[in-house]
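Reader: I'd like a close look at one small part of this model, the loop positions with odd backbone angles and what sits around them. Could you walk me through that stretch?

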Amino acid sequence: MKIYETAVRKPISTILIFVGVIVFGLFSLNNLAVDQYPDIEIPQIAVITSYAGANAADIETNITRVLEDNLNTVENLKKMTSKSSDNFSMITLEFEYGSDLTEAANDIRDAVSRTQSLLPDDVDYPTIFKFSSSMIPVMMLAVTADESYSALNKILDDKLVNDLNRINGVGSVSVMGVPEREVQVNVDPAKLDAYKLTVEQLGQIIAAENVNIPSGTIDIGNNTFNIKADGEFSDASTQLGKVVLSNRNGRKVLLNDVAEIRDTLEKATMDERVNGQLGVRVIIQKQSGANTVDIVHEVQRRLPAIAASLPGDVDIELIYEGSQEITDAIGSLSETIMYAFIFVVLVVMIFLGRWRATFIICLTIPVSLICSFIYLYAVGSTLNIISLSSLSIAIGMVVDDAIVVLENITTHIERGSQPKEAAIYATNEVWLSVIATTLVVVAVFLPLGLTGGIAGQIFKDFCLTIAFLILGSLAIALTLVPLLCYM
């Protein structure tokens, strides 16, 4: 028994199946993430290493070449480039398209760990950085302050960053241009020489004094408590100056005797200003596949409460948010799809001239769209400009198969056949032609969605959504249309 015959002879089962498809499609639509573009993963990974105080030649010899020798063993590596500059090394690894970047990142991490013992002692551990469209910020905030400016780092970390990081879908919240505290010990060379001390000795003494030391345990009844000696400085301007450096002729030599201590801010490498006033920038990034619109709306909902908990001189301003642009673009495309639907209905009505036939034909459009939402949800895609563009383009194609089947069934009925038998035999006459025509259209779009490179990633949703939409319309034309024609 063929599929169209089964659909006609078992109408209840067919209707229940399509009701289930519609319910699952609406569920998929409701849970689809909304974004401007599909996720695009560039097959490149960067290894970034910082070594403060080293020049470009030292970076090249001691870091870049050492890492390159070990990173050459990573599988599927297409090309490796490096850049060595003062204090900084960056190695970019490009992989073949289709490579598993998660596995590649693990291989890189293993290679970097093998070189750790070969790198200079003071070098920062290399950072592994993957490139993806999900790294584009979804929101940027500007924070300004007057008296509280020097403490913005701690204020924002406690009151803003921690709260925003707990929002579902937020990948990271970073702060740029924030002032960092710096305790400066400005040594007088003449005094240092007079007391026969060196800068290295000062550094060792300060490091030894500024530590918390575990001091064992103490038993009280059935409980055991850990004991530690708190040696870290809580007030650098007073406690640090009283550090004893040595004894000279029975007199203690304090740090204050040979140096001036200043509790200040480190020299800014970035001058961030908001309306001419010193400030910092807060950048919010989302997790891959997260709903940009929902994240922005949730951040905007929480900001008033966060702002109320900050000191009075701290102001938060919105620089950029990506939801409005996405909402406008998707709203425009949704309107286009609606106009396309209306025009298809009018054209079908003009040429068929029957309301019942027009209703049956046009019913395939929303059902096919719902099938495409199931595909997008199943593959973890998003509702974006590319996927909605494919729907607006293909909306006129989905009625072709239904029109062919409907017109042949109508012809058999007009010749005197019973509606039920006409639905079966008329569909049997055209099913092969309908499938062949549909597969030709699918064959045009499907290869475009399977191409490699960045273009393939961009148009994957476009082509595969059209293909799935047309295949869904084929299934509807061979099952639901014959069923509705005799009911």
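Author: Asparagine 76 is partly exposed, with a relative accessible area of 46%. That label fits because partly exposed covers the range between 20% and 50%. Keep in mind that this is a predicted model, with an average pLDDT of 80 for the protein and 96% of the residues scoring at least 70.

As for where to look, Asn76 is in the loop between α3 (56-71) and β3 (77-85). Its backbone is the odd bit: Asn76 has a positive phi of about 60 degrees, and it isn't a glycine. That's worth flagging because most residues other than glycine have a negative phi.

Now follow the chain past β3, and you get another case. Asparagine 87 sits in the loop between β3 and β4, and its phi is positive too, about 70 degrees, again without being a glycine. Asn87 has a relative accessibility of 36%, so it counts as partly exposed.

Next comes β4 (residues 88-95), which has the highest mean pLDDT among the elements of the protein, at 88. At the other end of that scale is helix α8 (residues 236-239), with a mean of 71.

Beyond β4, the loop leading to α4 (101-115) holds aspartate 100. Asp100 is partly exposed as well, at 45% relative accessible area. Asp100 also belongs to a surface patch of negative charge, where it gathers with Glu41, Glu75 and Glu103.

Notes:
Residues numbered from 1 in each chain as written. Predicted model: local features only at pLDDT ≥ 70, side-chain atom pairs only at ≥ 80, totals over all residues. Heavy atoms only, no water. pLDDT = per-residue confidence, 0-100. Helix = DSSP H or I, 4+ residues; strand = E, 2+ residues; numbered from the N terminus. Patch = residues over 30% accessible without salt bridge, like charges linked within 9 Å, V, L, I, M, F, W, Y side chains within 5 Å. Areas by Shrake-Rupley, 256 points an atom, 1.4 Å probe, with all protein chains shown as cover. Salt bridge = Lys/Arg side-chain N within 4 Å of Asp/Glu carboxyl O. Lys, Arg positive; Asp, Glu negative; His and termini not counted. Charge placed at Lys NZ, Arg CZ, Asp CG, Glu CD. Buried < 20%, exposed > 50% of the residue type's maximum accessible area, 1.4 Å probe, protein only.
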